[in-house]
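Thanks for coming. I'll go through one structure today, part by part, and please keep the coordinates open while I talk.

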Amino acid sequence: MAWLPRVLALLLLALGALGGSATRAHAQDLVTEKAYFEDTTGRLSFEEARQRPYQRYSAFLNAGYGPSVYWIRLTVRAMPAAVDQPDQPGAGWAVVRMRPVFVDQIELFDPADTSGRQRITGDRTDWLDAEHRSLTHTFVISIGPVPRHVWLRMQTTSSRQLHVQVLPWREATNADREDELTAALLIMLLAALALIGLFSAVASRTTTDYAFAAMQAANLPYALYVLGYARPLLAPYLPAVVLDQGFNIAVFIGVHLACWFYYFFVKEHRPSRLGAWLVTAPLFILPALLLVTLAGRLDIALELNACTILVLPCTTLVAALTCRAWDSTAAHRPSVPRPLYLGAALVGVLGSTLWFLTQYGWMKSTYFLVYGMIWFTALIGVVMLTVLLVRTRRVSRVRSEAVLSAQIAESQAQQARQQREEQAQLLSMLTHEVRTGLAVIRMSLGSPGPSSDLRQLAEQSIDSIGRVLDRCDDVQRVEAPGPLPIASHQLRPLLEAVRADAAAPTRVVVAVEDDLHMVETDVVTLRRLLGLLVENALMHGAQDAPVDLSAALDRRQGGGLLIWTSNLPGIAGWPDPRLVFQKYYRSPGARRLTGSGLGLHLASTLAAQLGGHLRYAPTATHIRFVLWLPR
């Protein structure tokens, strides 16, 4: 998503270039001179006003706010082609195109019009009654082979700005299409900013992101109206006066939501007491604007709203300069870098100042700045979206790191818990086995004349305690293995050595296939593994029953070597297949016998170190453990 603000910024620049070049594209503008006269009384008739001295101006009339009425005199040049080509569509007619659309009332006085009807347009007249339906205000006038004058009377409670063109009918139609394209793209950009802000808010669930999404959404009705789309869309359903009042209310609400966004934007970075007051005070402007409007002074409300648009970014910048979130003593550093944060506030100040100066007529306006508030809104939207996306990405990274840290901590806690449980099991097993062995030894020592059977039982108990301690030591060493020395060895002598080392060698029966002679492995580890299996079979199998120790080739696909032990079940019974290789597991019947519960676990670990695996594969009558090793 890092590329998204760049794409939106490029689109905004492209739209600005397209809009700024629109007037240059209309080379057929028929106006050769523009002049204005300010009627401070607002009561002059046309005959009186046309006799007054007019002051020439170029391109745009920009007179700021005020109660005065402005008369504009247009000199329209001759258009001989209208006479030479009478059959051309629109020949002999031109369209007076006027913007912005929020001008309340414009009246046309055309000496060539002898109909006697009053010709008025503006945002308080019905769009369906327009002489030429367009996104701008329009009149249709005749053109001919000689230049002439027409007059416009403008009266409005908003900023007194007016851009006028007189275009031949066909040129005016082309200009309408260009305006529709530019306006549609700009509205799509604002809608995209609102949707992206909403998605970002849903993802981050922060108040600032929700306030940004609401602010961008509130800009859409304003843009639809100012760009001219609201009137043709809603004219069949709502009177023009209702549209005009709704537009003013939408402007006030949009500015109020912007106040809330800047409030949350600054507050999350710990401003000083002065900074907090500066961003809190504008929140009370909406009730004041509504009260002034209800009192019938819409002109004052619009001026206050314009002042709010200027002051709000300035107070935000000052408040941002007082924020302490980036101090070295702060417990939590913000996710937005301070230069980017201040840069975004500075862009807001520059944009609002530029717009304010043109609204009040203190700076010469341009075609681009006629819709300055929309461009300013889009620019602020792109800049703030950049800031919010940077913050979201950094917050997401911090959350990911926090989740990873929590997972690591949980894993460490689980390992510690598992280690404590194993230690508790080990301690319980050692306590049980040592206490049992010591009880036998104490009984032997307490006997007045211990018999040979008692002495043998005491020695067996001492041996059992020793084996339990040896198994614990073996597990510690096996769980931290080193490299194994691999070499070739004869298999039958190896198995015979395991049988000889067993506690009851006469019970162990060794069997090896005739064509199986050599095994390539670590002989020491393999002997320990097989010794554990034989010891387990002798201890837990049926008394005096033989224990088979056999080896054969694995003739399945992949091959390998199979070595297994097999014995009849004894008093220990059949082990649980799911638990047989777990540490400290002993079947219920085996708990009457001395043992650690580590032998089979240790054997399984040794098998894995040799590159093989050990599995429990009983038959219908015998307990059987099968070791598979690679050849």
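Helix α18, residues 599-609, lies across β16 and β17, and runs at about 140 degrees to β16. "Across" here rests on contact, that is, heavy atoms within 4.5 Å. Angles run from 0 to 180 degrees between N-to-C directions, and the axes are lines fitted to C-alpha atoms, for helices over the stretch in contact. Helices (H or I, at least four residues) and strands (E, at least two) are DSSP runs, numbered from the N terminus.

Before I go on, this is a predicted model: local features need pLDDT of at least 70, side-chain atom pairs count only at pLDDT 80 or more, and totals for chains, interfaces and linings use all residues. Residues are numbered from 1 along each chain as its sequence is written, and side-chain values use heavy atoms, with hydrogens and water left out.

Back to the two strands under that helix. β16 and β17 form a hairpin with six residues between them, and their antiparallel pairing has four bridges; two strands pair if DSSP finds at least two bridges between them. H613 has W628 of β17 as its bridge partner. Which side chains of β16 are buried? L614 and Y616, which point to one face, while H613 and R615 point to the other and are not buried. Buried means under 20% relative accessible area, exposed over 50%, and partly exposed in between, with a 1.4 Å probe and protein chains only.

The hairpin belongs to an open sheet of five strands, in the order β12-β14-β15-β17-β16, with mixed pairing. β12 (508-512) and β16 (613-616) are at the edges with a single partner strand each, so one side of each has no neighbour in the sheet. From one strand to the next, the twist averages 15 degrees. At the β12 end, β12 and β14 (residues 547-553) run parallel and are joined by five bridges, with V508 opposite V547 of β14. Helix α17, residues 523-540, lies across β12, β14, β15, β16 and β17, and its angle to β17 is about 170 degrees.

There is another strand pair to mention, β11 (residues 487-490) with β13. They pair in the antiparallel sense over four bridges, and S488 stands opposite E520 in β13. Side chains alternate along β13 (residues 518-521): V519 and T521 are buried on one face, whereas M518 and E520 point to the other and are not buried.

Now the other open sheet. Its six strands come in the order β2-β1-β4-β9-β6-β7, and the pairing is antiparallel. The edge strands are β2 (55-57) and β7 (119-121), each of which pairs on one side only. On average, neighbouring strands are turned by 30 degrees against each other, direction ignored. Three bridges link β6 (residues 105-109) and β7 in the antiparallel sense, and E107 has I120 of β7 as its bridge partner.

Two loop residues next. L135 sits in the loop between β7 and β8 (137-142), and is buried at a relative accessible area of 9%. Leaving out residues up to four places away in sequence, L135 touches V101, D179, E180, A183, L227, G228, Y229 and P232. L135 and A230 are 95 residues apart in sequence, with 9.1 Å between their C-alpha atoms. G64, in the loop between β3 (60-62) and β4 (69-76), is buried at 0% relative accessibility. The C-alpha atoms of G64 and R160 are 5.2 Å apart, with 96 residues of separation along the chain.

Last, the helix pairs. Two packed helices are described by the angle between their axes and the distance between the axes. For α8 (residues 240-267) and α10 (residues 285-294), the axes come within 9 Å and cross at roughly 165 degrees. That makes α8 roughly antiparallel to α10, where the cut-offs are under 35 degrees for roughly parallel, over 145 for roughly antiparallel, 65 to 115 for roughly perpendicular, and oblique for the rest. The contact involves I249, F252, I253, H256 and C259 of α8, and I285, L286, L289, L290 and T293 of α10.

The axes of α9 (residues 273-280) and α11 (residues 298-321) come within 8 Å and cross at roughly 160 degrees, and the two helices are therefore roughly antiparallel to each other. G275, L278 and V279 of α9 meet T315, T316, V318 and A319 of α11 in the contact.
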